[in-house]
Amino acid sequence: MTMAANMAYLTLLALSIAAAVESATTYTNHTVGGAAGWFFNDSSNTCSANYSSWAANQTFDLGDYLIFYTNTNMTVIQTYNLTTYQSCSTDDALDTDTFQYGGGNNQFGVAETMDVPLTVEGPNYFFSDANDGFQCQQGMAFEIVVNHGLGLSPSLNQPPPPPYTAPPLPSVVGSPPIMLQPTSGGFRACVNFAWVVSVVLLAVGGIVFG
């Protein structure tokens with residue numbers, strides 16, 4: 001190998017190492033579709049970008065975000081279930097592996113920005129299920145592989161909330177205790193005055209109506 005070839009090889013190697021170091025030391029916000037955004041043209045039945053091609057040119061790590069610039073005509077479905085992804089439908093999806101962003105606004109065409117964190121390593125699938133999955137069937141879908149990278153950032157790496165525990169039922173209130181307190185003349189009984197009045201009234205009522 002000539003000196004020039006050695007220098008070229010070392011230069012490429014240094015650039016590769018630098019790129020790897022950079023990707024391993026930062027989190028990245030990926031704008032889905034680039035400048036084209038996440039849109040579907042209902043007149044031509046076409047997407048604003050080839051999302052599979054866009055995703056193929058990206059490197060995704062845990063802690064990165066996907067930024068969807070879109071509007072209320074579209075939805076964003078994130079799933080880890082290949083069957084759900086291939087069906088373009090969430091009808092049989094589980095709450096534990098499929099999540100929907102958007103879709104809660106009844107007004108059409110309202111601009112939205114959805115930030116989706118990548119929190120699970122491995123295959124992640126995304127699609128729009130609007131128009132009963134028609135947008136997805138026309139190409140509004142893509143899959144990615146999430147690498148470990150730096151792992152989850154502290155803001156995303158939070159333990160799940162503890163399971164809900166019902167508060168204990170109130171105990172049955174019995175008769176108030178009678179306490180003896182010392183006085184200068186001996187002891188006196190301390191009782192709940194309202195309780196004493198209630199007992200007296202009940203006794204009187206029993207005598208009157210008995």
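How many of the 6 residues of strand 9 (residues 122–127) are buried? The points below start from that strand and work outwards.

1. The model discussed here is a predicted one. In it, strand 9 is mostly covered, with 5 of its 6 residues buried, in a protein chain of 210 residues of which 26% count as buried. The chain as a whole contains 5 helices and 12 strands, and it exposes about 13,800 Å², of which carbon and sulfur atoms supply 60%.

2. Strand 9 has pairing partners that can be followed residue by residue. Towards strand 6 (residues 76–79), the pairing is antiparallel and rests on 3 bridges, and here isoleucine 77 has phenylalanine 127 of strand 9 as its bridge partner. Towards strand 10 (residues 141–147), the pairing is again antiparallel, now over 6 bridges, and proline 123 has valine 145 of strand 10 as its bridge partner.

3. These pairings belong to an open sheet of 5 strands in the order 4-10-9-6-7, in which the pairing is mixed. Its edges are strand 4 (60–61) and strand 7 (98–101), each of which pairs on one side only. Strand 4 runs parallel to strand 10 and is joined to it by 2 bridges, with phenylalanine 60 having valine 146 in strand 10 as its bridge partner. As general background, strands of a sheet pair through backbone hydrogen bonds, either parallel or antiparallel.

4. A further open sheet has 3 strands in the order 1-5-8, likewise with mixed pairing. Strand 1 (29–31) and strand 8 (111–117) are the edge strands, each pairing on one side only, and neighbouring strands of this sheet are turned by 25° against each other on average, direction ignored. Between strand 5 (residues 65–71) and strand 8 the arrangement is antiparallel, with 7 bridges joining the two; within this pairing, tyrosine 69 stands opposite threonine 113 of strand 8.

5. The loop between strand 9 and helix 4 deserves a look at its backbone. Asparagine 131 is found in this loop and has a positive phi of about 55°, although it is not a glycine. Aspartate 132 is found in the loop between strand 9 and helix 4 as well, and it too has a positive phi of about 55° without being a glycine. For context, most residues other than glycine have a negative phi. As to cover, asparagine 131 is partly exposed, because its relative accessible area is 44%, whereas aspartate 132 counts as exposed because its relative accessibility is 78%, the cut-off for exposed being over 50%.

6. Past that loop comes a residue with a contrasting setting: is glutamine 135 buried or exposed? Glutamine 135 lies in helix 4 (residues 134–137), and it counts as buried because its relative accessibility is 0%, where buried means under 20%. Leaving aside neighbours within four places in sequence, glutamine 135 is in contact with Phe40, Asp42, Asn73, Met74, Ser128, Ala130 and Met140.

7. Finally, the contacts of the chain can be considered by their separation in sequence. Among contacts between residues at least 6 apart in sequence, 70% join residues at least 24 apart. The contacts of glutamine 135, with Phe40 and Asp42 among them, and the bridge between phenylalanine 60 and valine 146 may be inspected in the structure alongside this figure.

Definitions and conventions
Residues are numbered from 1 along each chain as its sequence is written. This is a predicted model: local features need pLDDT of at least 70, side-chain atom pairs count only at pLDDT 80 or more; totals for chains, interfaces and linings use all residues. Side-chain values use heavy atoms; hydrogens and water are left out. Buried means under 20% relative accessible area, exposed over 50%, partly exposed in between (1.4 Å probe, protein chains only). Helices (H or I, at least four residues) and strands (E, at least two) are DSSP runs, numbered from the N terminus. Two strands pair if DSSP finds at least two bridges between them. Contact means heavy atoms within 4.5 Å. Axes are lines fitted to C-alpha atoms, for helices over the stretch in contact, and angles run from 0 to 180 degrees between N-to-C directions. Accessible areas come from the Shrake-Rupley method with a 1.4 Å probe; for residues, only the protein chains shown count as cover.
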